[in-house]
Structures are given as C-alpha cells and as structure tokens.
Amino acid sequence: MSVLQHPLIVRLSRVLTILLILLLLGLLTRPIEAPAWKVVKAGQPEMNLEAIEGALGQGLVVGVLGGFRAILADFLWIRTNTIWERRDRVKLDAMVRLVTTLDPRPDFFWINGSRMIAYDVPNWRIREEGGYDAVPKVRQQAIDYDQAQQAFDLLDEALEFYPDKAKLYLEKGQIYLNRLKDDARAAEWFLAASQQADAPYYAARIYAELLRKQGLDTEAYSYLKDLHRELPNVPYAQKGIILERIRELENALKIPFWQRFQPAVEPMLEEPRGAPAFDAPEPHDHAGHAH
Amino acid sequence: MSLLNSFTRIRLIAGTTFLEAVRQKFFNSLLIISIALVASSTFFQQFDFGTGELKFITDFGFGALFFFGSILSITATTQLFFNEIENRTALTMLAKPVYKLEFLAGKFLGAHLLMLSFSLVITLVLSGILYWREAALLARLGEDVLLDGPLVRYGDVFVFGFLQWIKFGILAAITLFVASFSNTNLYTIIVSFFVLIICQLQYIARDAYSGMEAGLERFLVMGLGLIFPNFQLFNIGDQLVFDVEQALPLTTVLRLAVYGLIYTCAFILLAQVNFRRREI
C-alpha cells in the first residue's frame, strides 16, 4: 500500500477537495452575491466583533444571529436599568454599548444611555472618591469631562445612524450646557439642532439665549430678528416670547426707536397636522435625568 | 423516460418524507410554540422602548420564523435522514432501483416542503396579527392620520417568508451533507448548528479581511468567507414591510433566490459524493 493510499491521506484529500469545491463555488457565486450584499448591507445595522463578544457573553446567540434582536435589546435595557440602580458603572457602560449594538433603531437607547453616562456616572465616581466636599474641583471637572466624552462618543455613533435627528444634537448641547457648563460649545450644538428638519422650536430660542449669556447681544439680536421673520405664526413657535426677547435686547443695545424691529402682522395659524410635539416633554425621558 | 421515472421516484420519496415529517410531534410542538409566540407579540410589546407597535410585531414574527425555522430545518432533516438509516428502511428502498442521489433529493424535498408549510403558516399568522393591529391603530387614530398608502406592505411579509424558506433550503442541504458522513443524530445536529452560526456571522470576518494587510491571515479569512454561504444576506427584515424609500429591489430578491438555489444544489451534490461511498 503506497503512502497516498493511507486512509488518513485519502480522507484528508477528500476534505481538501470538498473545501476546494466550496471555495470555487464561493468565487462563482460572487457576481450574484456581491451586488445583493451591497443592497442588503446598506439597510442593516453594523455589528462588530466586540459587540458580538459582548452579546455571546450574555448568552444572546439568537440576538447576534438576527432573530428577536428588538425584544432582546428591550429586555437588556430593563437589565441595564437594574445595573444603573446598583450603580455598577463598568457594567453599565458595557450594557449600553450592547443594547445599542443589538438594536440601534430606537433613539431612546442612545439618548438615555448617554444621559446615564454623562449625568449619573460622574456623581457615582465623585462619591466613590469621597464626595463633592472632599474631591477637588479640578478632579470633579476632569471626571465630568471624561464621562461627557464617553457620552459624546455614544451620541456620535447614534448620529452615524441618524444624521438628521435633532434630538441627538440637542442631547450633546444639553450635556455641554448642564454638565460641563460650556455655553459656547452648547450653543454650537443647539444651533446644529435647530437646523435639522425635525428640530423643536425651542432649540433656536435656546441658541439665542446662549449667545446672550456669552455677551454676544448683537449676534443674538440679529439671530432673533431673522428667526421671528422665518417662523410660522403657530402657537408652539412662541413668537411672542421671541419678540419679548428682541425688545429686551433692543433696550440693552440701546437701539433707536426708529430702527427697532417691526414684526409683520400675520394671523395665527393652526399647528400643521402631523407636526412633532414641539416643546412638549419627551415621553421616554429617563427618570432622574435633568434636562 | 428514465429522467421522468427518476423524478417520479424523487416525488414519491419526498411525499412520504413530508407526510412522515408532518406527523412528527416535534414539528407540531414547534409549530404551535411559534404560532403562540407570534400571537403573543402584542403582549411582549409592552416591554418595548421606542419602536412602533407594528414594527415590533413584525420584528418579533420575523425573529420567530428565523429562530424556530432554523431549529426545525436542522432537526427535521437530521431525523428524517437517520430514521431511514436506523430503521433499515433505507436498505429496502435502495435495494430497489433507486439511486442514492434520488434518495437524498427526495429526503431534501420532503424536508423542504415541511419548511414551506412552516414558513407559510407563520407568515400567515404574522400577516393576520399585523392586519388586526393595523385596523385597530387606524380606528384609534381615526381621521387624524393622513395616509399615503397602507401602513403595512403585506407582500413584503411574504417576500421575507419566501427568502427565509430559501435559506432553510441551504440549511437543510448542509444538514444532509453533514449527515452523509456522520454516524449519529446528535453529531449532525451540533455540527449543523455550528455551520449555521458560521454562515450567519461570516460576513464580519469578510468585513474584517477587507481592512487587513495582504498576508496569510487575510488569505485565510477570505477563504472562510468564500467557503461558507453568507446567511446574513437573507436578514432583510429591516428593509421590508415599512421602509418604502429603502424597499428591497426585485432584482436583489431574485439574486438571493438564485444564490440560495445554487448552494442548495451544491450541498446536495456534495452529500451525494459522501453518501455514495457510505455503507448502510
């Protein structure tokens, strides 16, 4: 019996032949698969290796494979809340990442996840290090910046999925404003939010207020005048408030009477059907997070 | 004439296999569980955060079809194949002028018909629930909602069901291929499940290889992507039913069907190569 007829060699050669056939088949089907894959992939959420490891670690094979991703993400979010209540910041971060990877569609996960990371985790970390009285202000700020950056990273990922969603821009603005007390950066994000199609009317008003806060009264005055002209005369647009602020700025800037803003007289319109609940509170706000 | 006879033999084996499969308790239990799960999607909706009701029900139904369909496809094919071997009925059958390829093709078609019934039932149940919830939603919204068309595109639900059925075909053919060289039920089921996972996730390896520098690793990952069929191609639930702007083109659906058909035939032929040498 020659070496080539050894059962092991025969078996190995069979395996290699089958692999070769499958390899050739893969190459042959490429012209069919590649264009289809391009179309299919464009509509699928990205799933990276890190997320898969996380999901498999949680025993979520089904979620990774594609079935029940939405419901698994929902149940994981409930679990994330339990972890949030326990103040386990390491697990919290991993869970938020996992949930948003499994089902990136609801903005609820992105927004509330970033709120937990930016607003709650810094408090926990400061308390872990001895509390607000014991931890120096510089260290507190460093923690705030560190956590805010993590929240921004999460929101940036969300913006890759929803580049036109005003809520996400607003969220970044809110973190700059409420946590980092950085009015200039907050103003940039409120302006960006106000430029999105689904922007609430208040985004532009807050931007103008932030300009005023920075002492940029002339810019705020000019912006508010333009805003008043552009906005429709609907109740949610709150044109009355905008006019009030224009008048306040005219007084502050000592604008001569004859140069003051003259609003056009227009009838009050009804809110257009299907319009977003402008300036109404979000229905899914996470308990305990300040706006 | 002999080709016609061959088709008749395949049809007869497929028919018997299908009847045998439909009578199995496992199939019936899994079907009832799947229907119950799809029907209970409105209950699970209370745990949902942010997805629309109809979208959630659709996702849930598609998830059930994928999950239970994959289990059924692997286990039913394995059972139907090994029942013949273990009960020695394969010996009787193959003693007659029945080729081993005809036996395999008949077994595959029987199992595939079973999957067609399963996919059809789940798709119908899902469509029924969607119709019910859509009607309730429209009744609740009344005239306040302005519609450009129906909320749900029911045709897409069936397109998804059809493409899943095609995928189950590849999976059943892979299972037959594994069964052709395996000696036990359990080994076939476990190996087939691993292959399913690899096929479902191989696209990640392929994405990774596109970013790799030329070398042995890149070559290996590329090979892996070519050897295993890409099941993620059939994961198109997000592009169907609701999103009109991103609706899946018909050419893509046809390409997916052809892709599935090629792989199904290839794995059945590979199973035949192994089964031909096998002593029963």
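How many residues does the contact take from chain B and from chain A? The views below start there and then move through each chain of this predicted model.

**Figure 1. Where chain B meets chain A.** The contact takes 40 residues from chain A and 37 residues from chain B. On the chain B side, helix H4 (53–86), helix H8 (185–210), helix H9 (216–227) and helix H10 (250–277) each put in at least two residues. H10(B) gives the most to this side, with eight residues. Sort the chain B side by class and you get 23 nonpolar, ten polar and four charged residues.

**Figure 2. Chain B from end to end.** Chain B is built from ten helices and zero strands, so to speak an α-α-α-α-α-α-α-α-α-α run along the sequence. Its C-alpha atoms fill a box of roughly 70 × 55 × 40 Å along the principal axes. Of its 280 residues, 45% count as buried. Look at the contacts in chain B with a separation of 6 or more, and 80% of them turn out to join residues 24 or more positions apart.

**Figure 3. The largest nonpolar core, seen around Phe267(B).** This core has 132 residues, and Leu176(B) and Phe267(B) are the ones with the most contacts inside it. Helix H7 (residues 154–181) of chain B brings the largest share, 16 residues. Zoom in on Phe267(B) and you'll find that it touches Ile170(B), Ala173(B), Ile174(B), Leu176(B) and Phe177(B), leaving aside residues up to four places away in sequence. As background, nonpolar side chains tend to be buried together in soluble globular proteins.

**Figure 4. Chain A and its two assigned domains.** Chain A has twelve helices and zero strands, and from the N terminus on its elements read α-α-α-α-α-α-α-α-α-α-α-α. The domain assignment splits off domain 1 (1–37) and domain 2 (49–259). The C-alpha centres of these two domains of chain A sit 53 Å apart. Of the 291 residues in chain A, 34% count as buried. For chain A contacts with a separation of 6 or more, residues 24 or more positions apart make up 57%.

**Figure 5. How sure the predictor is about chain A.** The average pLDDT of chain A is 83, and 82% of the residues score at least 70. Residues 273–291 of chain A are another story, with a pLDDT below 50. Beyond near neighbours in sequence, that stretch has 21 contacts in the model.

**Figure 6. Helix H9 of chain A and what it packs against.** Does the length add up, and what span should twelve residues give? At 1.5 Å a residue, the twelve residues of helix H9 (residues 183–194) of chain A should span 16 Å, and the end C-alpha atoms are indeed 16 Å apart, so the two agree. The buried residues of H9(A) are Ala186(A), Ala187(A), Trp189(A), Phe190(A), Ala193(A) and Ser194(A). Those buried residues pack against helix H8 (166–179) and helix H10 (201–213) of chain A.

**Figure 7. Two loop residues of chain A with positive phi.** Most residues other than glycine have a negative phi. Arg87(A) isn't a glycine, yet its phi is positive, at about 60 degrees. Arg87(A) lies in the loop between helix H4 (69–86) and helix H5 (89–102) of chain A. Because it has 15 C-beta neighbours inside 10 Å, Arg87(A) counts as partly exposed. Lys181(A), also not a glycine, has a positive phi of about 55 degrees. You'll find Lys181(A) in the loop between H8 and H9 of chain A. Is Lys181(A) buried or exposed? Lys181(A) is exposed, because only 12 or fewer other C-beta atoms within 10 Å are allowed for that class and Lys181(A) has 10.

**Figure 8. Trp258(A), past helix H12.** Trp258(A) is found in the segment after helix H12 (239–252) of chain A. With 5 C-beta neighbours inside 10 Å, Trp258(A) counts as exposed. Arg185(A) and Trp258(A) are 73 residues apart in sequence, and their C-alpha atoms are 35 Å apart in space.

Notes. Residues numbered from 1 in each chain as written. Chains lettered and ligands numbered in written order. Domains from an automatic or database assignment. Contact = placed C-beta atoms within 7 Å. Helix = DSSP H or I, 4+ residues; strand = E, 2+ residues; numbered from the N terminus. Nonpolar A, V, L, I, M, F, W, Y, C, P; charged D, E, K, R; others polar. Expected span 1.5 Å × (residues − 1). Buried ≥ 20, exposed ≤ 12 C-beta atoms within 10 Å, placed from the backbone. pLDDT = per-residue confidence, 0-100. Core = buried A, V, L, I, M, F, W, Y, C linked by C-beta atoms within 7 Å.
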